Each structure stands twice: as C-alpha cells, then as structure tokens.
Amino acid sequence: MPYQAPVSEFRYILDHVVGMDQVAATERFAEATPETVEAILTEAGRLCQDVIAPLNRNGDLDPARLENGVVRTSKGFADGYKAIAEGGWVGISAPAEFGGMGLPHTLTTVFNDMISAACLSLGLNPLLTQGQIEALEAHAPDWMKQMYLPRLISGEWTGTMNLTEPQAGSDVGALRSKAEPNGDGSYAVTGQKIYISWGDHDFGGNVCHLVLARLPDGAPGTRGISLFMVPKYLPNEDGSLGEANTLKVVSLEHKLGLHGSPTCVMQFDGAKGWLVGEAHKGMAAMFTMMNNARLGVGVQGIGAADGAYQHALAYALDRKQGKTPVEGTGTIVDHADVRRMLLTMKADLFAARSIALACAVALDMSKATDEADWEARAALLTPIAKAFGTETGMRAAETGVQVHGGMGVIEETGAAQYSRDVRVTAIYEGTNGIQAMDLVARKMADGGEAAQALIDEMQAVAEEARARNGDLGDPVWQATESLREATEWLVAQKDLNVRFAGAVPFLSAFARVLGGHYHLKAAMEEAEDGPRTKLARFYINRLLPEHVGLLAQSMVGSTDLYALRPEEMYA
C-alpha cells in the first residue's frame with residue numbers, strides 16, 4: 001500500500017489533544033486559523049504521499065555516491081527537493097521578514113512527521129536547514145541574516161551542522177578544529193568533521209555549513225568553542241555564488257540505512273568563515289539548532305513508525321496464512337498475535353506523536369508569550385519527545401518486519417528498510433541515554449517543579465475521566481501518582497550518578513504515562529465508545545502497565561551497575 005498521509009489524525013490531535021487553539025489565540029500566531037491549518041495539512045499530505053513517498057525505495061537501492069569530488073544524489077531526489085523548496089515547506093515557521101510563512105513550529109513538526117514517513121533520507125535535508133535558520137535568526141549578525149536567511153528559507157541554499165570529529169563525539173569539547181583570524185573580519189577554519197548529513201549534494205545553490213571550531217585564545221573544553229558560517233561557495237555581495245571555498249567532501253560513510261542521505265566526512269583547509277554569535281560561545285548558538293533538531297529527530301522516528309505501520313498493515317490485510325480463529329477478512333490480521341503487534345504499533349504511534357506535538361505547542365507558546373512556565377514545559381518534553389519518538393520508530397519498524405514473517409527479511413518487500421533507516425535516530429543529536437540524563441539532571445534542576453506541574457495536569461484529566469469511564473481513568477490516575485512519587489525520589493538524590501543509573505527507565509516510564517494521558521484525552525472527546533476509546537483501552541490495559549517495572553528500575557540506584565568489575569564482564 002502506498003503511503004497515505006494521516007491528515008485527519010493530525011487534525012484530531014491538534015484540535016482535541018494538544019491544544020493547538022491556544023497557539024492560534026496568541027497575537028504572534030493569529031494567522032494559524034483553522035482554515036490555514038487545514039490547508040497546510042492537506043497540501044503537505046498531498047506532497048508527501050504523491051511526490052516524496054515514491055522516492056523512498058530509490059534512496060535505498062540507488063544510494064548517494066561521491067564521483068570526482070561531487071556528491072550525486074539518488075534518482076529523483078533533486079526533483080523531490082525542488083518540489084519541497086518551491087512549495088515553501090522549508091520556511092513554514094521561518095520569519096516572514098525573510099520570506100518565511102511565520103507559522104507555528106507545530107505545523108513544521110507535522111510536515112516533518114509526514115515527510116519522514118514518506119522518505120526519511122530526503123526529509124533529513126530540509127530538517128537541517130530549518131534548524132540552521134533558527135540558529136541564524138537567534139545569533140547571527142544582521143548582515144549574515146540578510147545574506148543567508150532568505151536563500152535558506154526559499155530552499156535555494158541548504159544548511160548543515162558540523163560538530164562531530166573522530167575523537168570528539170558526545171564530548172564536543174575535545175574537538176581540534178581551529179579558526180584563525182584573517183584580519184578582515186573573517187576566519188580561516190581548519191579541521192575535519194565526520195557524520196555530516198547532507199554535507200553536499202547536486203541540487204544546485206550553496207551548502208552552508210555551521211562549524212564548531214576553537215579560536216587561538218579559546219579555553220579548553222566547551223567554554224572555548226566558537227561557531228562559524230562556512231559556505232561551500234563564497235557569496236558575492238548580491239548573493240550570487242562566487243569562488244569555491246577551501247573545503248571538500250573526503251568520503252561518504254557506508255551506513256546501515258538512510259542510503260539516500262549522503263553522510264559526509266568534511267575537510268576544511270583554511271576555509272573562509274564568519275563568526276556566528278559571540279566568540280567562545282558557540283555551543284550556546286549551536287544548541288539552538290540542536291534543540292530544534294532534537295524534536296525533529298524524534299519526529300523522524302515517529303514518521304518512520306507510521307511508514308512501517310502502514311506497510312505492515314497493508315501486508316497483513318492481504319496475506320492469507322493458516323486458519324483464522326475468528327470470522328473476518330480471512331487474512332493474517334485476524335490472528336490474535338498479528339492483531340496485538342499492529343495495535344501496539346498504532347497505539348505507540350499515537351502516544352509518541354501526541355508527545356511530540358505537545359512539545360511543539362509548548363515551544364510555540366513559549367515564543368508567543370515569553371512565559372517561563374511554557375519554556376520549562378518545552379524543555380522538559382524535548383528529551384522525552386526525542387527519545388520516545390525514536391524508540392517508537394525502532395520498535396515499530398522491527399515489529400513491522402515481524403508482521404511480514406519470513407518476507408520481512410526479504411529486501412524486496414521494503415519492510416527491512418524502515419528498520420535500517422530509523423536505527424540511527426536513537427543516536428542523532430545526542431543518544432537517547434544522553435536525553436535521559438538531561439531529563440533527570442538539567443531538566444530537574446528546578447527541583448522537579450516543571451515535571452510536577454505536568455503530572456498535576458495529567459492527574460486532573462484522569463480524575464475527570466474517572467467519573468465518566470473508570471476503567472480508563474483509574475489506571476491513568478494511579479500511574480500519574482506512581483510517577484509523582486518516583487520523581488520526588490529522583491529529585492532527592494544528590495548524587496547525579498544515582499539519577500543517571502535510572503535515567504533511561506525513568507524517561508521511558510514518563511513517556512508511557514504521558515501516552516496514557518493523551519490516549520485518555522482522545523477517548524474523552526468521543527461521544528460514544530468509538531475507535532479512539534478502543535485504542536485507548538488497548539494502550540491502558542496492555543502498554544501503560546510497563547511503567548511499574550520501569551519506575552522500579554529507575555529507583556534501584558547505581559551500586560549494582562558497578563558491582564561487576566570490568567575483568568569480570570568476560571565470559
């Protein structure tokens with residue numbers, strides 16, 4: 001079955017689950033009327049299912065390649081990207097003064113979800129540019145904004161982020177790239193960066209690299225790092241492309257998946273660049289792009305989950321195998337275990353999507369109101385959205401292979417591609433373990449206040465639901481109370497390593513409870529016992545109980561992790 005954009009699903013979540021009406025009610029986003037939102041959802045869905053989705057297999061079977069120093073992209077990708085750019089989809093949330101639509105980031109999040117389901121390899125390209133636009137808007141000098149933003153927003157130019165080096169992965173402060181002043185306001189940037197997604201392509205235009213490097217007087221560690229704009233071509237004053245900069249693609253990484261997305265090893269040899277933000281404060285500027293990308297990567301996982309689910313469902317509705325125990329379609333979808341797998345995929349997809357869109361709404365409300373509570377809510381939800389979104393993508397893609405049975409490992413069915421493509425999302429933009437550590441440390445630095453405020457809201461909804469539908473409301477209420485107690489225990493631990501030891505199960509439990517909350521809200525909006533209530537019942541009965549074991553793990557402490565000496569880890 002070809003990809004079908006779930007436009008009605010997005011509309012329901014925005015209208016009834018995550019409170020998009022709050023965003024539209026602000027002065028900043030007053031143009032996000034129901035009519036505008038409807039038009040964006042409909043047109044984005046049309047583009048993704050009709051133009052982008054047919055490119056997905058091409059990206060896998062006809063990978064990007066490096067020929068004589070030029071990256072050649074997969075068949076059809078250039079035309080697909082042209083459709084994205086010409087439709088204005090790169091700049092949905094970009095500032096109107098530079099040519100963007102100025103719409104809420106929530107709508108960009110919806111678009112990124114759809115394009116990730118349609119073709120994750122190609123969808124990576126505009127996602128990176130969107131992050132660069134936000135970083136430049138917040139930190140670049142005015143002349144750079146005038147030069148770069150209109151061309152990035154239009155899609156004429158594309159953006160990348162260059163952090164990682166062979167010896168400096170998560171420990172960015174260990175980087176060796178350096179920047180020497182040229183004496184004219186520019187800098188000569190030298191160093192090698194790895195894992196640079198879409199570091200080059202054959203779409204035309206410029207490739208604009210944001211590069212972390214250290215100035216001669218930069219202190220060791222992250223405090224001495226600066227951020228530079230280093231373009232592939234040096235632009236002339238009128239924005240036309242001038243001479244090539246002294247940078248090149250050394251090689252393309254041979255990856256598990258995402259074959260259509262060129263992941264480059266980049267070499268900068270005294271390449272001309274310009275400072276973005278203040279000297280030695282490059283991490284603050286880069287974090288603007290990274291935080292944008294963290295939600296975006298979570299949404300990539302969710303999109304992949306949707307693609308895998310639709311693929312598996314279509315197969316299950318077609319495949320006849322064995323005698324089914326109930327009267328139905330006569331296909332494997334009537335088998336209990338196949339039904340369990342498909343409903344798990346669907347229920348988790350709804351939960352992860354709702355968490356991500358709630359995070360996007362909080363980001364929009366933070367921008368529109370400047371209220372600290374919204375900023376704290378967005379900060380709290382970002383690591384959860386990233387980690388749970390990508391975990392959902394990996395689980396759904398793996399389950400999709402299982403639904404196909406033996407045919408799942410046959411490449412011609414396309415089921416395995418989702419699993420290969422989505423796997424790296426749990427590593428992108430800070431591994432999921434790092435997201436969990438961020439949640440229990442930095443995001444709990446307020447004594448757990450933001451977390452408890454969210455738990456209060458979840459508990460209030462569950463309390464209301466108890467009176468109407470106790471079999472759904474009671475378990476969610478109990479889960480929120482357990483999450484509250486675990487959060488209090490966590491905050492009381494002054495040894496951060498004790499928190500880190502239970503960080504991953506704590507984040508997973510938080511996401512599980514949030515998922516129950518959003519399923520409950522969706523069910524409460526139905527007049528009768530409709531499909532959303534049935535799906536909520538499945539989630540609450542079968543998936544929500546996982547939070548009990550996860551919270552127990554989160555409060556064990558760290559002693560048992562270090563009890564086994566390294567030499568005892570060998571068989």
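Glu375 is exposed because its relative accessibility is 51%, where exposed means over 50% relative accessible area, buried under 20% and partly exposed in between (1.4 Å probe, protein chains only). Glu375 sits in helix H10, residues 372–404. Helices (H or I, at least four residues) and strands (E, at least two) are DSSP runs, numbered from the N terminus.

The model is predicted: local features need pLDDT of at least 70, side-chain atom pairs count only at pLDDT 80 or more, and totals for chains, interfaces and linings use all residues. Residues are numbered from 1 along each chain as its sequence is written, and side-chain values use heavy atoms, with hydrogens and water left out.

## Surface patches

Glu375 belongs to a negative surface patch. Its other members are Asp370, Glu371, Asp373, Asp446 and Glu449. Patches are made of residues with over 30% relative accessible area and no salt bridge; like charges are joined within 9 Å, and nonpolar side chains (Val, Leu, Ile, Met, Phe, Trp, Tyr) within 5 Å. Asp and Glu count as negative, Lys and Arg as positive; His and the chain ends are not counted. The place of a charge is taken as NZ of Lys, CZ of Arg, CG of Asp or CD of Glu.

A nonpolar patch is also present. Met407, Val409 and Ile410 make this patch, which covers about 260 Å². Accessible areas come from the Shrake-Rupley method with a 1.4 Å probe; for residues, only the protein chains shown count as cover. Met407 is found in the loop between H10 and helix H11 (415–422). Met407 has a relative accessible area of 37%, so this residue is partly exposed.

## Aromatic pairs

The count of aromatic pairs is eight. Rings of Phe, Tyr and Trp (its six-membered ring) pair if their centres lie within 6.5 Å; planes under 30 degrees apart count as stacked, over 60 as edge-to-face and the rest as tilted. Trp143 and Trp274 pair edge-to-face, 6.0 Å centre to centre with 75 degrees between the planes. Trp143 is in helix H7 (residues 142–154) and Trp274 in strand E11 (residues 263–276), so their pairing ties together parts 131 residues apart in sequence. Trp143 is partly exposed at 43% relative accessibility. Trp274 is buried, at 18%.

Tyr148 and Trp157 make another edge-to-face pair: 5.4 Å centre to centre, 65 degrees between the planes. Tyr148 is buried at 0% relative accessibility. Trp157 is buried as well, at 0%.

Ring pairs also link Phe77, Tyr81, Trp198 and Phe203 into a cluster. Trp198 is placed in the loop between strand E5 (187–197) and strand E6 (207–214). Trp198 counts as buried because its relative accessibility is 1%.

## Backbone and long-range contact

Trp198 has a phi near 55 degrees, a positive value in a residue other than glycine. His280 also has a positive phi, near 70 degrees. His280 lies in the loop between E11 and helix H8 (282–318). With a relative accessible area of 24%, His280 is partly exposed.

Lys248 is in strand E10, residues 247–252. Lys248 and Val70 are 178 residues apart in sequence, yet 9.0 Å apart in space, C-alpha to C-alpha. Lys248 is partly exposed, with a relative accessible area of 47%.

## Salt bridges

The structure has 32 salt bridges. A salt bridge is a side-chain nitrogen of Lys or Arg within 4 Å of a carboxyl oxygen of Asp or Glu. Three of them are tabulated here.

| Salt bridge | N to O distance |
|---|---|
| Arg11 and Glu38 | 2.6 Å |
| Arg65 and Asp62 | 3.8 Å |
| Asp438 and Arg442 | 3.8 Å |

Arg11 lies in helix H1 (residues 7–16) and Glu38 in helix H3 (residues 34–52), so this bridge ties together parts 27 residues apart in sequence. Arg11 is partly exposed at 28% relative accessibility. Glu38 is partly exposed at 30%.

In the second bridge, Arg65 is partly exposed at 35%. Asp62 is partly exposed at 28%. In the third, Asp438 is buried, with a relative accessible area of 9%, whereas Arg442 is exposed, with 59%.

Salt bridges that share partners also build a network. Its members are Arg57, Asp60, Glu411 and Arg420.
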